[in-house]
Amino acid sequence: MKDVMLVSLIALAEAETPIEHDVTLLVGGFLVSGSVMSFKKYLEHHQTTSGIGAAMEEIDTANPEPPKKTYNFIHLRDAKYYLPGANPIPGNMSLIVRISLESVHGFSFGKFVSEHK
């Protein structure tokens, strides 16, 4: 789903002065709720993704023409997965996730908070 409003939230997170917004996405029959973050911040969160980011920077440096900005993924921090009638996954922490925009079937603004204990 390449909804212009969802893509706009990604662009805001990618701006020089980033603005992150809370969203809840409908993905594959379950909800994923978190805060939209930039791709750069996503790359910094783990040793493996940091290495990938460094390799990507080398490629960008070798290519003098900047690529056209397109967004195919959304990155969320403090994310949790929700299934009907179940506790949030994971229950004891939050995740940083990367989700294909094509996998998103709907969304709402704000984080989902389950009353299920």
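**Surroundings of S33 and a surface patch at F109**

Apart from neighbours within four places in sequence, S33 touches V23, T24, D78, A79, K80, Y82, G110, K111 and F112 in this predicted model. S33 is part of strand β2, which spans residues 30-37. With a relative accessibility of 2%, S33 falls below the 20% limit and is therefore classed as buried. Two of the residues listed around S33 also meet its side chain through polar atoms. The side chain of T24 forms a polar contact with the side chain of S33 at 2.9 Å, and the backbone nitrogen of F112 lies 2.6 Å from the S33 side chain.

A contrasting setting is found at F109, a residue of strand β5 (residues 104-109). F109 has a relative accessibility of 53% and so counts as exposed, the threshold for that class being over 50%. Together with V4 and M5, F109 builds a nonpolar surface patch, and the three residues have a combined accessible area of about 340 Å².

It is helpful to place these two sites within the whole chain. Three helices and five strands make up the secondary structure of the protein, following the order α-β-β-α-α-β-β-β from the N terminus. Of the 117 residues, 29% are buried, and S33 is one of the residues in that class. The accessible surface of the protein totals about 7600 Å², with carbon and sulfur atoms contributing 58%. Contacts also link distant parts of the sequence: of those between residues at least 6 apart, 68% connect residues at least 24 apart.

Notes:
Residues are numbered from 1 along each chain as its sequence is written. This is a predicted model: local features need pLDDT of at least 70, side-chain atom pairs count only at pLDDT 80 or more; totals for chains, interfaces and linings use all residues. Side-chain values use heavy atoms; hydrogens and water are left out. Patches are made of residues with over 30% relative accessible area and no salt bridge: like charges are joined within 9 Å, nonpolar side chains (Val, Leu, Ile, Met, Phe, Trp, Tyr) within 5 Å. Accessible areas come from the Shrake-Rupley method with a 1.4 Å probe; for residues, only the protein chains shown count as cover. A salt bridge is a side-chain nitrogen of Lys or Arg within 4 Å of a carboxyl oxygen of Asp or Glu. Helices (H or I, at least four residues) and strands (E, at least two) are DSSP runs, numbered from the N terminus. Buried means under 20% relative accessible area, exposed over 50%, partly exposed in between (1.4 Å probe, protein chains only). A polar contact is a pair of N or O atoms within 3.5 Å; within protein, one must be able to donate a hydrogen and the other to accept it, and residues adjacent in sequence count only if both atoms are side-chain atoms. Contact means heavy atoms within 4.5 Å.
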